[in-house]
Amino acid sequence: MIRADPYAFASQAAEQLIKGLSITALPVDPFAIARGREIEVVAKPARDAGVSGMLIRVGNEFAIAYATHIDNEPFQRFSVSHELGHYFLPGHVDAVIGASGIHESRAGFASTDRYEIEADRFAAGFLMPRYLFFPALVKAGEGLAAVRNLATLCKTSLHATAIRYTQCTRDPVAIVVSVGSRIDHCFMSDALKAVDDIDWIRKREAIPRDTPTFAFNQDVENVRRAVNIEETSNLQDWFGGRRSIAINEDVIGLGSYGKTLTVLYNINMPDAEDEEDEEALVESWTPRFKR
Ligand SMILES: [Zn+2]
């Protein structure tokens, strides 16, 4: 059973908006779309390093400020898109803008606040709408190489792109974001969630010891210097279960973000027929005892 994603509506709302604007090519330009709504967008150094941007209301006029302390175009584009999420998603303006007329955001998939999560998901769907992202994904290759190609095309961060990749691909893949020996968060594609007899990777669990990611994270320089490696591991190391299957494991350090991105892919499950044959074979060799 695959649980319905409670935040999928936010990505879908963004996609509908982009479709409605008749946008037919990537990258999407959040600055132009904001200005098209007469929302002023300004760069502004944040007081607090955790603040990614702000949505400001004066009467019925809106403005977006985006933080410049992180000098990174994908991050700034994501931040502006997150604020547009608060502007467009039903109920957000009233919920997030207090008496001060200002909402301060913490974009980037780290917040546990419902409105922040929804705005992040809106931003992902906005910059990577499925109807444009999926056709590009099919041509993008595999693993981290695919994520890099898509990030270049969409002008989005590796992190945001990798998450979107798991949401849109039809292949069994997972991405894991880790710090030190711990899993920070992870996403599995629907095709992987549908595989029986595996454990789901979860937040705050330890990284399995026998994996390339575990070894990679032993040296913080790998993370800081954005080193990347392409290795293999075993399905059982990450997901348990009874099938021992070699899978691909690409790992990259996310630099100043201080985290590591792992892409697990090329997970070729034996098809049901082959497994049945195997079981039948095992059975034929198992001595039977009559009672
Ligand atoms: Zn926000």
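This report covers the zinc site, helix H6 and the domain layout of a predicted model.

**Zinc site**

The zinc ion has protein donors from five residues listed by name: His82, His86, His103, Ser105 and Glu116. The histidines each bind through NE2, Ser105 through OG, and Glu116 appears twice with OE. Donor distances run from 2.0 to 2.7 Å. Along the chain, the donors follow the spacing H-x3-H-x16-H-x1-S-x10-E. One pair links distant parts of the chain: His82 and His103 are 21 residues apart. His82 sits in helix H3, and His103 sits in strand E4. Both residues are buried.

Why is the arrangement around the zinc ion irregular? The 6 donor atoms subtend angles of 51 to 169 degrees, and this spread makes the arrangement irregular. For six octahedral donors, the ideal angles are 90 or 180 degrees.

**Helix H6**

Helix H6 covers residues 130–138. Its buried residues are Leu132, Phe133, Ala136 and Leu137. They lie on the same side of H6, because they cover an arc of only 130 degrees around the axis. What covers these buried residues includes helix H7 and helix H8.

The helices of this region are listed below.

| Helix | Residues |
|---|---|
| H6 | 130–138 |
| H7 | 143–154 |
| H8 | 158–168 |

**Domains**

The protein is divided into two parts: domain 1 spans 8–130, and domain 2 spans 170–291. How far apart do the C-alpha centres of domain 1 and domain 2 lie? The separation is 33 Å.

Notes:
Residues are numbered from 1 along each chain as its sequence is written. This is a predicted model: local features need pLDDT of at least 70, side-chain atom pairs count only at pLDDT 80 or more; totals for chains, interfaces and linings use all residues. Side-chain values use heavy atoms; hydrogens and water are left out. Donors are N, O and S atoms within 2.8 Å of the metal (3.2 Å for Na, K and Ca); water is not among the atoms, so sites may look incomplete. Four donors count as tetrahedral if all angles lie between 85 and 135 degrees; four count as square planar and six as octahedral if opposite donors are over 155 degrees apart and all others between 65 and 115; anything else is irregular. Helices (H or I, at least four residues) and strands (E, at least two) are DSSP runs, numbered from the N terminus. Buried means under 20% relative accessible area, exposed over 50%, partly exposed in between (1.4 Å probe, protein chains only). The arc is that of the directions from the helix axis to the C-beta atoms. Contact means heavy atoms within 4.5 Å. Domain bounds come from an automatic or database domain assignment.
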